[in-house]
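User: I want to learn how to read a ligand site and the empty space in a model. Please take me through one.

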Amino acid sequence: MRVLVTGAGGQIGQALIPALLARGDEVLATDIKPLPYPSHTALLDVTDNSALYRIFQEWQPEEVYHLAAFLSARSEEQPQKGWELNFTSNWLVFEACLYFRVRRVFWASSIAAFGPHTPRQHTPQYTIMDPIGLYGIAKLSSERLSEYFATRYGLDVRSIRFPGVIGPGHLPQGGTTDFAVHMFYAALQRGTYTCYLKPETRLPMLYIDDAVQAILRLMGTPTERISIRSAYNIQGLSFSPQELAAQIQAYLPHFTCLYEPDFRQRLAESWPESLEDSLAREDWGWEAQYDLPTLCKAMWEALHQTV
Ligand code: AKB
């Protein structure tokens, strides 16, 4: 299968590319910055429509994984850029997929599409969605666009509402859930971390291997089984900064975590604590493999080799 990945240098892209190659796909990895992969890479600004069409024309992808994004905190700093990257680029990619008859397209939605009036525990698939951040506004708008392209034009488009994603090897930048990865690195390198969220702020999270498996499983499911064309809820695990700090202290007893909440607190408080994901389970067999202890074990094993 010929596959195109955008935002390939990001946290999910860096883990997805090896998985796609391992299943025998021919992958063109694109990003706005040069990529470290040995072959089939291209520079691409996904908001540049002519550049996008050139890439589709040359590569003729059968599947597209559109991962380029500006995360929540960064989108607050540059709202217009956040809108272009998190909404307009979806429009351009969906249109290009129709034009070049792409078989299937994946894009990444987020729990940021929910808002302060959304029920926070076991958040249902269908509920009140009133995001307060620009990132969430763009993701919710993209969900509506995604369903529109599927029902009006028959585009086989699929998506997941990602929670915070945690994995080794890539320090996420510009998000609200980044603390979860940064805390591991800081614990090993300095023995202390200052968290920008309050200690008790619980958020849904996912280990990177589960995130990659979710994408592959969703994309490998026959069309007739897909009942959601906006984006699926999935639940992995949920924890707060203080719960993660306690797990880290079990490995590094001298680790200390300080708390200095900033503007990201308001975003985090408007997001769910956990999600109800029965439709993802029924439609494509979603099931997370990692809980907090297994996630921490996997992170330590990986980080001890690199840090
Ligand atoms: C962020 O924190 O902005 C992202 C997300 C939840 O989509 N990790």
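User: Why does the ligand lie between domain 1 and domain 2?

Analyst: Look at which domains feed the shell. This is a predicted model. Domain 1 (2-164 + 208-233) and domain 2 (166-203 + 237-274 + 289-306) both give residues to the shell around the ligand, so the ligand lies between them.

User: Which residues surround the ligand?

Analyst: Read them along the sequence. Leu-71, Ser-72, Ser-110, Ile-111 and Tyr-135 are among them. Gly-175, Thr-176, Thr-177 and Trp-271 also belong to the surround. By class, the shell holds four nonpolar and five polar residues, and no charged ones.

User: Which polar side-chain atoms lie by an oxygen atom of the ligand, and at what distance?

Analyst: Take the pairs one by one. Ser-72 places a polar side-chain atom 2.5 Å from a ligand oxygen. For Ser-110, the distance to an oxygen atom of the ligand is 2.7 Å. Thr-177 instead faces a nitrogen atom of the ligand, with a polar side-chain atom at 2.8 Å. As for cover, the ligand has 260 Å² of accessible area on its own, and the protein covers 93% of that.

User: How do I read cavities? How many of 30 Å³ or more does a search of the whole structure find?

Analyst: Rolling a water-sized probe over the atoms shows where empty space is left. Here the search finds one cavity of 30 Å³ or more. The largest cavity has a volume of about 30 Å³.

User: Which residues line the largest cavity?

Analyst: The lining includes Ser-72, Tyr-135 and Trp-271, which also surround the ligand. Glu-76, Ala-112 and Leu-267 are further lining residues.

User: Which helix gives the most to that lining?

Analyst: α5 does, with three residues. Both α3 (72-77) and α5 (134-153) supply at least two. The lining divides into five nonpolar residues, three polar and one charged.

Notes
Residues are numbered from 1 along each chain as its sequence is written. This is a predicted model: local features need pLDDT of at least 70, side-chain atom pairs count only at pLDDT 80 or more; totals for chains, interfaces and linings use all residues. Side-chain values use heavy atoms; hydrogens and water are left out. A residue is near a molecule or strand if one of its heavy atoms lies within 4 Å of it. A polar contact is a pair of N or O atoms within 3.5 Å; within protein, one must be able to donate a hydrogen and the other to accept it, and residues adjacent in sequence count only if both atoms are side-chain atoms. Accessible areas come from the Shrake-Rupley method with a 1.4 Å probe; for residues, only the protein chains shown count as cover. Ala, Val, Leu, Ile, Met, Phe, Trp, Tyr, Cys and Pro count as nonpolar, Asp, Glu, Lys and Arg as charged, and the others, Gly among them, as polar. Domain bounds come from an automatic or database domain assignment. On a 1 Å grid over the protein atoms alone, a cavity is a set of points where a 1.4 Å probe fits but cannot get out, and a pocket is an open set with protein on both sides within 12 Å along at least five of seven lines; lining residues have an atom within 4 Å of a point. Grid points are joined across faces, edges and corners, and a volume is the space filled by probe spheres set on the points. Helices (H or I, at least four residues) and strands (E, at least two) are DSSP runs, numbered from the N terminus.
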